[in-house]
Amino acid sequence: MNRRNFIKLSSLSLLPILSCQKSENIENLFEFDIIFHSDMAVGHLVFESNQFPKVKAESVEYLIVGAGIAGLSTAWNLRDKDILICELSDRIGGSSGSESFEGDVFCQGAHYELTYPKYFGEEAIEMLKELEIVKFNSLIDKWDFVDKKFLINPHLESQCFNGKDYFDELLPEGKTMQDFFDLINPFIGNFMLPSRLISSNHQHFNQITFYEFLNKSIDISSEFKEAIDYHMLDDFGGTSTEVSAIAGLYYYANRGYLTSETEIFSPPEGNFYFASKLEQKLPENSIRLNHLVKKISPNSRGFEVEVVDIKSKNIKTIETKNVVYTGQKHSLQHIMPSQTNLFSNNKYIPWLVINFVVEPDINEDYFWQNEILSNNPNFLGFVDSAAQDKKAKNRVLTAYYCFRMEDRKYLAGLEKRKEEIINKTLEIIADYFSISPAQFGSKVKKVFMKVMGHAMPLAAPGYLFNDRNLYRPYPNMVYAGVDNGRLPLFMEALDSGIMAKKYLDKS
């Protein structure tokens with residue numbers, strides 16, 4: 001691996017951009033279009049819609065709120081019923097969304113999965129098998145993916161950068177690493193997905209942080225902790241001192257760090273691949289985009305639901321016997337205030353995704369995931385589509401930012417200052433490629449930004465194993481999604497849809 005010096009990135013911290021006056025040395029030097037997307041702004045229509053006219057009521061047996069993975073999974077499991085999905089966004093997928101440009105599609109959220117061990121939950125695996133997404137591979141004793149063209153070449157998987165040097169592996173080598181994996185090794189096979197299946201013998205790890213678990217047994221240097229914190233932020237939105245030990249143990253005990261058979265599955269569109277597979281199996285016209293559920297009221301027949309049609313700016317009333325709420329649970333404070341207390345302890349992490357659509361020849365070397373450790377606490381690095389699809393017309397560099405909960409208020413006003421964060425991100429990536437910002441900027445064709453104010457729930461100690469459906473007051477209204485006591489992972493969202501149908505069948 002080539003090693004070369006880079007400048008420190010401490011001056012590129014995002015928060016000063018958002019909270020202070022505009023930097024004098026950052027100018028909008030580049031000429032490319034910027035497309036900005038944020039569901040935070042759409043959600044504010046709840047308040048504006050009070051003046052919208054109401055239209056004729058309609059009825060449906062099952063109303064599903066949200067067309068993310070959980071909502072689509074729920075719909076797939078109820079596909080032989082009279083169903084309707086209302087999604088506030090202009091596209092399906094939720095945090096597994098995608099965008100496109102000149103025929104090329106690329107991710108705007110969750111972007112990969114790993115081959116599944118055979119001890120993962122049978123119901124979710126059977127669902128993926130029926131969707132022709134996975135099949136069992138007896139050679140590695142795991143479930144792997146049917147579309148082999150989307151497997152990442154192991155030689156192109158990742159490159160790490162610490163602000164100074166390149167590395168193959170983010171975790172520093174040495175005695176601490178050996179002690180670390182000696183500690184993790186006995187837990188392989190004990191932290192399966194979905195997390196509801198984790199044995200009660202191991203559920204006590206939900207009560208302590210991952211750092212507390214590690215610190216009891218091994219000495220952790222600041223350098224080693226920094227690397228672990230990066231991994232935890234990347235998947236769970238918090239550092240090792242913020243997420244539960246179960247989150248950390250799942251990450252390292254079941255993600256292939258100690259085995260060589262695990263493969264990375266990452267289509268150019270990311271986990272939108274799974275969303276589209278689910279959508280294709282649903283009844284025609286069962287999804288309504290740009291439909292914001294404003295109010296849910298119980299009645300003698302089930303529920304009366306007010307839905308804002310964002311495009312026509314009217315309010316539709318839908319009568320339904322059953323509701324499956326898969327949307328972000330913090331919104332219940334506006335939609336059904338009586339249910340807010342069920343999820344009052346949830347903490348949500350904001351994310352920002354920036355897609356740079358660039359000319360393919362920006363450089364010759366490429367890696368799928370480019371992990372960056374720096375003094376910038378928010379920037380995690382970028383994914384390079386060159387390692388995913390060589391036939392694509394364009395190359396897409398997808399940068400990820402993970403924020404603190406208290407930073408959400410700054411993100412709400414980001415659209416007015418989008419050029420600053422784009423220029424700062426452009427500087428980081430240009431430096432990573434050892435070219436000037438001007439060289440990089442000249443290769444950019446278009447930029448897409450997506451703000452997710454509540455991208456994922458924080459898997460803090462005490463969060464898991466707390467299915468609020470067990471306390472729900474209305475048997476015919478159930479909750480699905482990863483923010484119902486689950487890890488923020490695809491398999492968890494998929495399984496929550498399976499469980500939603502089971503709860504309704506029992507009601």
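How many nonpolar, polar and charged residues are in the lining of the largest cavity? Hi everyone, let's keep that in mind as we look around. One thing up front: this is a predicted model.

So, the cavities. There are 2 of them in this structure that reach 30 Å³ or more. The largest holds about 60 Å³ of space, and the second largest about 30 Å³.

Let's take the largest cavity and see what surrounds it. Its lining is made up of His 111, Tyr 230, Asp 234, Gln 369, Asn 370, Leu 380, Gly 381, Phe 382, Val 383 and Tyr 400. Three elements give two or more residues each to this lining: helix H8, at 222-236, strand S18, at 369-372, and strand S19, at 379-384. Strand S19 is the top contributor, with 4 residues.

Now back to the opening question. By class, the lining of the largest cavity comes out as 5 nonpolar, 4 polar and 1 charged residues.

On to the second largest cavity. Around it you will find Phe 106, Cys 107, Pro 268, Val 383, Asp 384, Ser 385, Gln 388, Val 396 and Thr 398. Here, at least two lining residues come from each of strand S5, at 104-107, strand S19, and strand S20, at 395-402. As for classes, this lining has 5 nonpolar, 3 polar and 1 charged residues.

If you'd like one place to start in the viewer, try Val 383. That residue lines the largest cavity, and Val 383 also lines the second largest. Thanks for listening, and I'm happy to go back over any part!

Notes
Residues are numbered from 1 along each chain as its sequence is written. This is a predicted model: local features need pLDDT of at least 70, side-chain atom pairs count only at pLDDT 80 or more; totals for chains, interfaces and linings use all residues. Side-chain values use heavy atoms; hydrogens and water are left out. On a 1 Å grid over the protein atoms alone, a cavity is a set of points where a 1.4 Å probe fits but cannot get out, and a pocket is an open set with protein on both sides within 12 Å along at least five of seven lines; lining residues have an atom within 4 Å of a point. Grid points are joined across faces, edges and corners, and a volume is the space filled by probe spheres set on the points. Ala, Val, Leu, Ile, Met, Phe, Trp, Tyr, Cys and Pro count as nonpolar, Asp, Glu, Lys and Arg as charged, and the others, Gly among them, as polar.
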